[in-house]
Amino acid sequence: MATTNTTTRRIAIVGVGQVGGAAAYALILGSTTVAAAGELELLLVDNNIALRDAQVRDLADVAFIINRGTRVRAATYREAGQCDLIVVTAGSRQTLGQSNLDSASRNISIVRNVVDAMAPFRSDAVLLVVSNPVDLLTTLALEVSQLPLSQVLGSGTFLESARLRGLMAEQIGIAPNSIDIYALGVHTPSTQLTAWSTATVAGVPLSQSIPSSTLVGMQPVLERDTAHLSEVIVRAKGATPFGIGAVVSSICASVLGDRRNVRAVTHFQPEYGCCLSMPAVLGREGIAKTIEVPLSEEERRKVEESAKMVRGMMEGIRQ
Ligand code: 6V0
């Protein structure tokens with residue numbers, strides 16, 4: 001039998017509940033793109049062994065049906081740390097009515113433990129954090145993993161940026177991928193920022209490319225819907241797995257394929273002293289380059305206010 005010389009890309013998903021499961025599903029469906037012409041092996045890790053094994057079996061069926069050679073198997077934390085890319089979706093889901101602080105303190109200890117258990121990491125591994133609060137936990141993962149700055153990132157406001165473009169496209173009749181606008185900063189409904197001052201269509205500032213009455217009327221509605229749609233979804237179905245699952249698959253494809261796509265993801269910002277979302281070029285090293293966004297004074301002040309909260313929480317964690 002002729003041998004083929006294909007590269008196997010390994011992605012570990014740590015925490016295979018709703019979000020981890022949806023991410024794995026999206027990765028298998030998009031395996032040809034994600035594995036960049038190689039084959040894909042998914043390693044699933046969860047401290048709920050029965051759930052992990054059930055997810056392996058269910059997702060292996062998807063891989064059999066797609067039939068592109070993708071393999072799915074259970075793995076240990078140590079094996080996960082040796083993958084090309086590790087996605088951290090472990091955590092306790094925030095239920096409505098539960099304080100951000102309760103959910104944050106549980107997830108701080110979960111993420112610290114799982115990152116610790118995976119270390120030492122393969123030297124070129126890229127770590128993608130999805131668990132919330134994602135900016136704080138990405139900053140924590142960066143410190144605990146001791147990986148280089150460029151190799152640790154979080155899903156941040158990628159989903160909100162895509163949602164913003166999609167909702168705006170419906171309003172102004174221009175395709176989402178022809179609109180350049182980002183949700184940035186710290187990822188919570190009250191802290192993230194819509195970077196109106198740098199938004200463009202075909203390089204033309206938004207203020208000049210659509211009528212000002214349309215723009216002024218839609219701005220508050222788009223900001224509200226972009227920030228709060230996740231809460232609406234959680235209220236009705238308990239989680240938001242599909243959107244974030246697609247985000248994970250897209251980031252993995254950009255990194256493993258060294259695609260150099262610009263995406264709003266959370267990563268370390270020296271100016272703010274913590275991780276928060278700014279547009280970045282994604283490549284094999286993770287963050288290949290940050291795009292400096294010339295924010296207005298007001299926008300910068302808003303980002304600094306929320307960065308201060310993340311820095312304060314990090315100081316509390318270090319003590
Ligand atoms: P879930 O369905 O409860 O899944 C979490 C999984 O993590 C469960 O299977 C747990 O068993 C597992 N887990 C817990 N502790 C550990 C551990 N120590 N080691 C391994 N596995 C562990 O929650 P769901 O999947 O809905 O959400 C997961 C995380 O993603 C939460 O923190 C959410 O807040 C966060 N999300 C982040 C989003 C973003 O935009 N960044 C979007 C949606 C959810």
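## Loops, ligand contacts and helix packing

D258 sits in the loop that links α10 (241-256) to β12 (261-269). The model is predicted. In this model D258 is not a glycine, yet its phi is positive, at about 50°.

Two other loops hold cis peptide bonds. One runs from A119 to P120, with omega near 0°. P120 belongs to the loop between α5 (100-118) and β5 (126-129). The peptide bond from N132 to P133 is also cis, again with omega near 0°. P133 is in the loop between β5 and α6.

Next, the ligand. Around the ligand there are 24 residues. Which of them come nearest? They are Q18, V19, D46, Y77 and V130. Two of these, D46 and V130, also make polar contacts with the ligand. N47 makes one too. The table sets out the atoms and distances.

| Residue | Atom of the residue | Atom of the ligand | Distance |
|---|---|---|---|
| D46 | polar side-chain atom | oxygen | 2.6 Å |
| N47 | polar side-chain atom | oxygen | 3.4 Å |
| V130 | backbone N or O atom | nitrogen | 2.9 Å |

D46 and N47 thus use side-chain atoms. V130 uses a backbone atom, and its partner in the ligand is a nitrogen.

Now the helix pairs. Two packed helices are described by the angle between their axes and by the distance between those axes.

Take α6 and α11 to begin with. Helix α6 covers residues 134-145, and helix α11 covers residues 297-318. They pack at an angle of about 45°, and their axes are 10 Å apart. Because of that angle, α6 counts as oblique to α11. The crossing of the two is right-handed. Which residues of α6 meet α11? D135, L136, T139, L140 and E143 do. On the side of α11, the partners are V310, M313, M314, I317 and R318. By class, the residues of this contact between α6 and α11 are 6 nonpolar, 1 polar and 3 charged.

The other pair is α7 and α9. Helix α7 spans residues 158-172, and helix α9 spans residues 212-237. Here the packing angle is about 130°, with the axes 10 Å apart. Is α7 parallel, perpendicular or oblique to α9? The angle makes α7 oblique to α9. How is the crossing of α7 and α9 handed, left or right? It is right-handed. From α7, the contact draws on E160, R163, L164, L167, M168, Q171 and I172. From α9 come M218, L222, D225, T226, L229, S230 and I233. The contact of α7 with α9 divides into 8 nonpolar, 3 polar and 3 charged residues.

To recap the packing: α6 and α11 pack at about 45°, whereas α7 and α9 pack at about 130°.

Terms used. Residues numbered from 1 in each chain as written. Predicted model: local features only at pLDDT ≥ 70, side-chain atom pairs only at ≥ 80, totals over all residues. Heavy atoms only, no water. Axes fitted to C-alpha atoms, helices over the stretch in contact; angles between N-to-C directions. Helix = DSSP H or I, 4+ residues; strand = E, 2+ residues; numbered from the N terminus. Parallel < 35°, antiparallel > 145°, perpendicular 65-115°, else oblique. Left-handed = near helix turned anticlockwise from the far one by under 90°. Contact = heavy atoms within 4.5 Å. Nonpolar A, V, L, I, M, F, W, Y, C, P; charged D, E, K, R; others polar. Near = heavy atom within 4 Å. Polar contact = N/O pair within 3.5 Å; in protein donor to acceptor, adjacent residues only side chain to side chain.
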